[in-house]
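Ready for a few hands-on exercises? Take a look at the model first, then work through each task with its solution.

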Amino acid sequence: MDTEHDSAADSINSLEAFNHHRSLLFSIAYRMLGTVSDAEDIVQETFLRWQQTPRTRVRSAKNYLATTITRLCIDHLRSARVRREQYVGPWLPEPLLTHQDPAEQVELADSLSMAFLVMLERLSPIERAVFLLREVFEYDYPEIAQIVDKSSENCRQILRRSRQHLAAERPRFPVSPQQQEQITSQFLAASSQGNLQDLLTLLAKDVTFWSDSGGQVPAALKPIRGAMKVARFLLAIQQKWLPTASAELVEINGQSSLLIRNGNDIHSVMTFEIVEGYIQTIYSVRNPEKLKRLSEFVEL
């Protein structure tokens, strides 16, 4: 009886330990993989491995779980590279609905934004892991070395190389949540009113529009560049395909974004990279597979 009682108690303690770190695990997995569904699958696989691991082999639950999920993500990314090379049109991360306290919003937006996650695609799986563990989750080098099974010095070199790859991609002047919301609201007003000139005042001259449909719905299969081309494209889409569509401001990936509905269906999600007061990049996610989970949490 005592053995059975101890076993049950261990199971409860094991579950409590895992649940205590679940948020961290999802945060690592989503930033590594860029999709909610894959991140949730990897979290579940980590839990299964955690259940099967004798507690005598675990010094720190947090370190063990972080190591397990990071290595699973690295393996998954290596196999995903092939699938993404065969993807129809541009690949964008899956939008994540967020609700953050204002005090946490700036930090969250910086490491969860669509622009940041797209930027990470330039890194190899190991570079991505080292960069995130150090820059976002603030692990020290010995911890990172243990997680990715490299030496501390090697991890320093990997991080230095990663920073060099991304140096030109990272905005020097972060956008405040208030400015992000203001410009997104102005964009919504200008586009819904069909006002070309107001749209042009918001767009950077070399603005780029990216649309991810996965080949499942109509969308631009190549990026559209230039303020006039992007503005005319957006207004043409609205007039021809979305005359009765509605749009609302929602918080996606820690930033004010637009959720566009066509009837009761979510048509797309638009997020914006703003640089020096102008919209530099527009990311439009149209792939129904990437909007499916979002529709479960957004009220119709």
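**Exercise 1: Met-32 and its core**

Leaving aside residues up to four places away in sequence, Met-32 touches Thr-70, Cys-73, Ile-74, Leu-77, Pro-125, Arg-128, Ala-129 and Leu-132, where contact means heavy atoms within 4.5 Å. Before going on, note that this is a predicted model, where local features need pLDDT of at least 70 and side-chain atom pairs count only at pLDDT 80 or more, while totals for chains, interfaces and linings use all residues. Residues are numbered from 1 along each chain as its sequence is written, and side-chain values use heavy atoms, with hydrogens and water left out.

Task: find which residues touch the most other members of the largest nonpolar core.

Solution:
- Start with the term: a nonpolar core is a set of buried (under 20% relative accessible area) Ala, Val, Leu, Ile, Met, Phe, Trp, Tyr and Cys residues joined through side-chain atoms within 4.5 Å.
- Next, the pick: in this core of 48 residues, they are Met-32, Ile-69, Phe-116, Leu-120, Tyr-139 and Val-148.
- Lastly, a separate second core has 24 residues, including Ile-183 and Phe-272.

**Exercise 2: Two helices**

Task: work out how helix H6 and helix H8 pack.

Solution:
- Locate them: H6 covers residues 125-135 and H8 covers residues 152-166; helices are DSSP runs (H or I, at least four residues), numbered from the N terminus.
- Read the geometry: the angle is about 95 degrees, and the axes (lines fitted to C-alpha atoms over the stretch in contact) lie 9 Å apart.
- Conclude: H6 is therefore roughly perpendicular to H8, a label for angles of 65 to 115 degrees.
- Name some partners: among them are Ile-126 and Phe-131 of H6, and Ile-158 and Leu-159 of H8.

Definitions and conventions. Axes fitted to C-alpha atoms, helices over the stretch in contact; angles between N-to-C directions. Parallel < 35°, antiparallel > 145°, perpendicular 65-115°, else oblique. Buried < 20%, exposed > 50% of the residue type's maximum accessible area, 1.4 Å probe, protein only.
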